Amino acid sequence: MRILILGGTTEASALARLVADDPRFEATLSLAGRTATPAGQPIAMRSGGFGGAAGLARHLEDHGIAAVIDATHPYAARISANAVAACRQAKVPLASLPRAPWEARPGDRWVDVPSTEAAVQSLGTDRHHVFVTVGRQELHLFAAAPQHRYIARLIDPPQQARLPPDLVLVRQRGPFDLEAERRLLHDEAIEIMVSKNAGGGATYAKIEAARALGLPVIMVERPHKPTGTVVAGPEEAMAWLAHERSLRGV
Ligand code: NAP
């Protein structure tokens with residue numbers, strides 16, 4: 001049974017490992033193509049957009065895909081909306097693997113904002129040292145507040161022409177550990193962190209480090225992300241796939 005995994009996350013990679021060991025399925029992992037050298041995977045990979053919901057529906061039909069699993073990042077809302085529409089159109093079952101958000105704990109100083117633009121505004125007029133971890137696609141927005149010193153962590157260098165003038169790029173790929181995160185925040189004299197509420201364990205250490213150092217975290221709220229049948233994790237996704245396969249009488 002041919003399946004398509006929409007990925008770009010730790011969960012998608014975990015699912016790829018499980019499905020690679022299961023001869024009942026022939027799986028392809030789809031990435032948006034944002035990362036120049038994505039981590040290797042034990043299943044086939046494809047990269048780049050499909051051309052909206054209609055393009056994805058066409059891809060499903062052309063490749064005889066019998067099930068789709070959306071394991072994309074909590075802030076990747078467009079591809080999830082496209083997956084719901086395309087699967088409906090192509091009559092292909094869709095499961096979604098959402099990641100629970102982090103919950104604030106005692107000692108956390110989170111300021112929730114609706115968007116990265118709002119996060120930039122909330123930094124205020126006084127100059128601060130700001131640690132930015134929202135990804136490279138939105139880094140240019142910080143050029144609207146050029147008075148701050150920014151330390152931005154990214155996997156690949158940003159492509160936008162207009163970036164804040166006082167910017168230090170830290171090229172790192174997670175997972176990160178608490179001690180290294182504390183050291184980074186301390187050494188760069190960070191006063192404020194800007195983060196997405198990504199959830200999961202791979203990038204949580206920065207939140208713990210901010211708590212330990214008493215630093216405020218400007219937390220960009222999650223977008224609405226449409227879903228298919230919700231599955232709790234990669235193992236449950238495998239059970240869902242087996243069920244879909246049995247429904248097809250395979
Ligand atoms: P998005 O806004 O939801 O998607 C924008 C467009 O990128 C989609 O319409 C689609 O193009 C293409 N696309 C997205 N994910 C794709 C996938 N897995 N396979 C093929 N095409 C895909 O997504 P985004 O926020 O730009 O994120 C892009 C990718 O990076 C996602 O796969 C996500 O899992 C991963 N990621 C995102 C973040 C984040 O903070 N946003 C963080 C970590 C990883 P077409 O309409 O042409 O099909």
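Visitor: Which strand and which helix each supply at least two residues of the shell around the ligand?
Guide: This is a predicted model, in which local features need pLDDT of at least 70 and side-chain atom pairs count only at pLDDT 80 or more, while totals for chains, interfaces and linings use all residues. Residues are numbered from 1 along each chain as its sequence is written, and side-chain values use heavy atoms, with hydrogens and water left out. Helices (H or I, at least four residues) and strands (E, at least two) are DSSP runs numbered from the N terminus, and a residue counts as near a molecule or strand if one of its heavy atoms lies within 4 Å of it. The elements asked for are strand E2 (26-31) and helix H3 (77-90).

Visitor: How many charged residues does the shell around the ligand have?
Guide: Helix H3 gives the most to this shell, with four residues. Asp, Glu, Lys and Arg count as charged, Ala, Val, Leu, Ile, Met, Phe, Trp, Tyr, Cys and Pro as nonpolar, and the others, Gly among them, as polar. On that basis the shell has seven nonpolar and 11 polar residues, and its charged residues number four.

Visitor: Which residue has a backbone N or O atom 2.6 Å from an oxygen atom of the ligand?
Guide: A polar contact is a pair of N or O atoms within 3.5 Å; within protein, one must be able to donate a hydrogen and the other to accept it, and residues adjacent in sequence count only if both atoms are side-chain atoms. A ligand oxygen lies 2.9 Å from a polar backbone atom of glycine 7, and a ligand oxygen is 2.8 Å from a side-chain N or O atom of arginine 34. The backbone atom at 2.6 Å from a ligand oxygen belongs to phenylalanine 50.

Visitor: What share of the ligand's accessible area does the protein cover?
Guide: Accessible areas come from the Shrake-Rupley method with a 1.4 Å probe, and for residues only the protein chains shown count as cover. On its own the ligand has 800 Å² of accessible area, and the share covered by the protein is 82%.

Visitor: Which strands are the edge strands of the sheet E6-E11-E10-E7-E8-E9?
Guide: This open sheet has six strands in parallel pairing, where two strands pair if DSSP finds at least two bridges between them. Five bridges, for instance, join E6 to the parallel strand E11 (residues 216-220), with tryptophan 110 having valine 217 as its bridge partner in E11. Pairing on one side only, the edge strands are E6 (109-113) and E9 (167-171).

Visitor: What angle does the direction of helix H6 make with that of E10?
Guide: Axes are lines fitted to C-alpha atoms, for helices over the stretch in contact, and angles run from 0 to 180 degrees between N-to-C directions. Helix H6 (residues 205-213) packs on the sheet through contacts (heavy atoms within 4.5 Å) with E6, E7, E8, E10 and E11. Its direction and that of E10 (192-196) make an angle of about 150°.

Visitor: Where is the proline that follows a cis peptide bond from glycine 174?
Guide: The bond from glycine 174 to proline 175 is cis, with omega near 0°. Proline 175 is found in the loop between E9 and helix H5 (178-187).

Visitor: Why is one side of E3 and of E12 left without a neighbour in the sheet?
Guide: The open sheet in question has six strands, in the order E3-E2-E1-E4-E5-E12, with parallel pairing. Strands E3 (44-47) and E12 (229-230) stand at its edges, so one side of each has no neighbour in the sheet, the reason being that each has a single partner strand.
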